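Ready for a little practice? Take a look at the sequence and the structure, then work through the exercises.

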Amino acid sequence: MKLKEIQLQTKRRTEVIDITTEVSEILRANGIENGLAVIFVPHTTAGITINENADPSVKRDFLTKMNRMIPEIDGYTHLEGNSDAHIKTILTNPSQTVIVEDGRLMLGTWQGVYFCEYDGPRTRKVWVKILEE
Amino acid sequence: MKLKEIQLQTKRRTEVIDITTEVSEILRANGIENGLAVIFVPHTTAGITINENADPSVKRDFLTKMNRMIPEIDGYTHLEGNSDAHIKTILTNPSQTVIVEDGRLMLGTWQGVYFCEYDGPRTRKVWVKILEE
Amino acid sequence: MKLKEIQLQTKRRTEVIDITTEVSEILRANGIENGLAVIFVPHTTAGITINENADPSVKRDFLTKMNRMIPEIDGYTHLEGNSDAHIKTILTNPSQTVIVEDGRLMLGTWQGVYFCEYDGPRTRKVWVKILEE
């Protein structure tokens with residue numbers, strides 16, 4: 001199976017967007033039963049994580065803390081002015097690997113797959129590759 | 001091979017537990033020779049890492065520093081009071097992927113696989129899925 | 001395909017080295033067309049990340065910030081004096097997984113694969129394992 005692409009339009013400079021449904025739909029549409037799904041961001045100022053899908057305050061607290069630990073202005077030398085976004089991306093990770101079993105993305109009850117925008121608003125893409133068993 | 005589950009009972013709020021033996025035992029019991037092992041936590045306040053297996057002071061220094069950078073009380077809005085644990089989990093990562101070759105989990109001499117508890121004590125599980133070559 | 005090894009000699013205590021060419025060369029030399037490449041560091045004081053390959057100021061800003069957030073001397077108990085390097089490694093991650101398609105390492109335009117040295121100078125190795133489709 002060729003890699004599939006999810007397209008996103010982010011709306012704020014830093015933002016966390018749930019893409020679990022989009023990833024699950026790729027499994028379903030391609031009849032994938034068992035294997036590993038790699039969810040990968042081909043950008044350098046946005047990452048992928050897996051975390052709490054219930055209370056939106058978790059996303060807010062995460063972004064507030066990241067912005068406090070790694071502020072937008074902090075004596076950086078990179079002239080584009082988005083060094084903080086590169087650093088946040090490295091700490092978050094550019095991809096996540098999820099187990100697929102019996103046609104399902106194996107996540108815990110409270111887990112969702114999240115796209116983390118650190119230098120928006122921008123048009124973004126996410127690549128999903130599934131290696132079947 | 002279906003995913004296997006490791007069960008853990010953590011004893012402190014933040015704690016790092018070596019699960020290398022448990023993961024290696026899954027390889028052995030299932031006669032896995034070559035492939036990739038994904039070690040995944042289906043919780044949102046615990047992560048997986050790979051680091052120093054010799055001197056326990058490394059684990060202690062890691063937890064002390066994480067608790068100082070991301071304290072339990074820090075002006076969060078999430079009412080459950082464990083936003084720090086969610087943030088620590090995202091920065092640690094919810095999973096690790098390890099190479100399997102000739103029946104062995106390919107780790108460096110000083111590396112072990114660690115479960116990182118950030119909101120214990122709790123009963124926890126870890127999923128291990130192996131994709132064979 | 002057996003895992004392949006890349007060897008590196010780092011020159012500074014903290015340093016970020018582009019290994020994209022070395023990883024791509026492994027794909028080419030082994031005629032790999034489709035699958036997943038796992039790039040894994042078997043050390044506990046060096047990690048792998050994927051980020052900006054163009055402006056070197058991004059690497060410099062990343063290391064400066066990591067060294068400010070997690071300084072070399074910070075009240076650690078580990079007697080080897082490199083607890084900061086272990087912590088930086090955990091936050092960076094010891095490995096990255098990249099999609100391989102049509103014989104190419106699927107990276108975004110501005111992405112490169114980077115070895116992150118946090119306790120050099122040292123002789124280091126990186127393992128690359130490719131699981132083909």
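Two exercises follow, each with a worked solution. The model is predicted, so to speak of local features takes pLDDT of at least 70 and side-chain atom pairs count only at pLDDT 80 or more, while totals for chains, interfaces and linings use all residues. Residues are numbered from 1 along each chain as its sequence is written, chains are lettered from A and ligands numbered from 1 in the order in which they are written, and side-chain values use heavy atoms, with hydrogens and water left out.

**Exercise 1.** Work out how the strands of the open sheet in chain A are ordered.

*Solution.*
- Start with the order: β2-β7-β4, three strands with antiparallel pairing. Strands are DSSP runs of E, at least two residues, and helices are runs of H or I, at least four, numbered from the N terminus; two strands pair if DSSP finds at least two bridges between them.
- Next, the edges: β2 (15-18) and β4 (46-52) of chain A each have a single partner strand, so one side of each lacks a neighbour in the sheet.
- Now zoom in on β2(A): four bridges join it to β7 (residues 111-117) of chain A. Across from A:Glu15 you'll find A:Glu117 in β7(A).
- Finally, add helix α2 (residues 57-69) of chain A, which lies across β2, β4 and β7 of chain A.

**Exercise 2.** Find the rotation that superposes chain C on chain A.

*Solution.*
- Superpose by least squares on the C-alpha atoms of residues with pLDDT of at least 70 in both copies.
- Read off the result: 120 degrees, with 0.0 Å of shift along the axis (RMSD 0.0 Å).
- The two copies are therefore related as by a three-fold rotation axis.
- Within chain C, C:Leu91 comes closest to that axis, at 3.3 Å (C-alpha).

Definitions and conventions: Contact means heavy atoms within 4.5 Å. Axes are lines fitted to C-alpha atoms, for helices over the stretch in contact, and angles run from 0 to 180 degrees between N-to-C directions.
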